Amino acid sequence: MTFTPAELAFLREQPIGRLCTVGRTGDPQIRPVGVHLSPDGDGIDIVGHALASTQKWRNVVRNPQVAFIVDTVLSIQPPDARGVEIRGSATPLRGAGSTDGGLSGDIIRIAPRRIISWGLDGAGTTARDWTESPRATG
């Protein structure tokens, strides 16, 4: 399992994350997208109504390196923030998903290489590579 139970629970609760891709000139592009776990629960699937026609799709085709972050701030005083950052490789998959609700059926699937989470289950901040145990910290 790529994600810890606390990370999975958090990702399932959050509707919006931000996907960062690399544009053709090397500049980052960041866009809000829905949070969807891949069917096996080991990655993130980005879906959309015309996904294959978007800049993020073209960016991923050119350079698969991405970052995806989902976070929330519950309180500033006292500080209470939670989140998961996923760094990895993205694969554009034409027609691999659902067309329900007008979705295009295209998916950008993110395979995590590094996961950083904070504020979940009172664990503080944890960071690990995807090949490590979900309980490893760094």
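**A walk through the predicted fold**

Of the 138 residues in the protein, 37% are buried, a figure that, like everything that follows, is computed from a predicted model.

The secondary structure of the protein comprises two helices and seven strands, and, read from the N terminus on, these elements follow one another in the order α-β-β-β-α-β-β-β-β. The radius of gyration of the protein is 15 Å, close to the 14 Å that the globule rule gives for 138 residues, so the protein is as compact as a globular protein of that length. Along the principal axes, the C-alpha trace spans about 40 × 30 × 30 Å.

How the chain meets itself can be read from the contacts: among those with a separation of 6 or more, 58% are made by residues 24 or more positions apart.

One part of the fold can be followed in detail, beginning with strand E1, which covers residues 16-22, and strand E2, which covers residues 28-34. These two strands run antiparallel and are joined by seven bridges, with Val22 standing opposite Pro28 in E2. Together E1 and E2 form a hairpin that has five residues between the strands, and in the turn Gly26 has a positive phi of about 90°.

Turning to the outside, the accessible surface of the protein comes to about 7,400 Å², and carbon and sulfur atoms account for 53% of that area. As for charge, the protein carries 15 positive and 14 negative side chains, and the centres of these two sets lie 7 Å apart.

Methods:
Residues numbered from 1 in each chain as written. Predicted model: local features only at pLDDT ≥ 70, side-chain atom pairs only at ≥ 80, totals over all residues. Heavy atoms only, no water. Helix = DSSP H or I, 4+ residues; strand = E, 2+ residues; numbered from the N terminus. Rg over C-alpha atoms; globule rule 2.2 N^0.38 Å. Buried < 20%, exposed > 50% of the residue type's maximum accessible area, 1.4 Å probe, protein only. Contact = heavy atoms within 4.5 Å. Areas by Shrake-Rupley, 256 points an atom, 1.4 Å probe, with all protein chains shown as cover. Lys, Arg positive; Asp, Glu negative; His and termini not counted. Charge placed at Lys NZ, Arg CZ, Asp CG, Glu CD. Pairing = 2+ DSSP bridges.
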